[in-house]
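Here is a friendly walk through one protein chain, with the cut-offs spelled out along the way. Have a look at the structure first.

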Amino acid sequence: MTQAPRVYGTGHDSPATGPLPGHAYRELTGGPLDGQLIEVTGWTDEQITAGAYLITPHTAYGPGGRSSYAPTISRPDGPWVWEGDVP
């Protein structure tokens, strides 16, 4: 049985950690959130193109640090790639 990727922001012990039908997601690749999904339902094209700084305890800055994820220029609708950690 294959488990669906976990959606960023859901708890490990939450019963609904996978993607929901009718919602839009981008896969996060590389870095501490590799393999998770970020929900972008309702985001503007500009917001999706810009990416996001996502809070995670597994950054170079420890708990509360952020990891930068964004699409690549060659794949704007593709997965978001880890760009590095920021305080």
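A residue is called buried under 20% relative accessible area, exposed over 50% and partly exposed in between, using a 1.4 Å probe and protein chains only. This is a predicted model, in which local features need pLDDT of at least 70 and side-chain atom pairs count only at pLDDT 80 or more, while totals for chains, interfaces and linings use all residues. Residues are numbered from 1 along each chain as its sequence is written, and side-chain values use heavy atoms, with hydrogens and water left out.

**Two tryptophans**

Tryptophan 80 counts as buried because its relative accessibility is 0%. Tryptophan 80 sits in strand β5, residues 75–86; strands here are DSSP runs of E with at least two residues, helices are runs of H or I with at least four, and both are numbered from the N terminus. Its C-alpha atom is 5.0 Å from that of leucine 28, although 52 residues separate the two along the chain.

How many aromatic pairs does the structure hold? There is one, formed by tryptophan 43 and tryptophan 80, and it is tilted, with 5.8 Å centre to centre and 50° between the planes. Rings of Phe, Tyr and Trp (its six-membered ring) pair if their centres lie within 6.5 Å; planes under 30 degrees apart are stacked, over 60 edge-to-face, and the rest tilted. The pair links distant parts of the chain, 37 residues apart.

| Residue | Location | Relative accessibility |
|---|---|---|
| Tryptophan 43 | loop between β2 (37–39) and α1 (45–50) | 28%, partly exposed |
| Tryptophan 80 | strand β5 (residues 75–86) | 0%, buried |

**The sheet**

Five strands make an open, mixed sheet in the order β2-β1-β5-β4-β3, where two strands pair if DSSP finds at least two bridges between them. β2 and β3 (52–55) are at the edges with a single partner strand each, so one side of each has no neighbour in the sheet. Strand β1 (residues 25–29) runs antiparallel to β2, and three bridges join them. Arginine 26 stands opposite isoleucine 38 in β2.

**The largest pocket**

On a 1 Å grid over the protein atoms alone, a pocket is an open set of points with protein on both sides within 12 Å along at least five of seven lines, and lining residues have an atom within 4 Å of a point. The largest pocket has 13 lining residues, with Arg6, Leu33, Gln36, Thr56 and Pro57 nearest its centre.

Technical notes: On a 1 Å grid over the protein atoms alone, a cavity is a set of points where a 1.4 Å probe fits but cannot get out, and a pocket is an open set with protein on both sides within 12 Å along at least five of seven lines; lining residues have an atom within 4 Å of a point.
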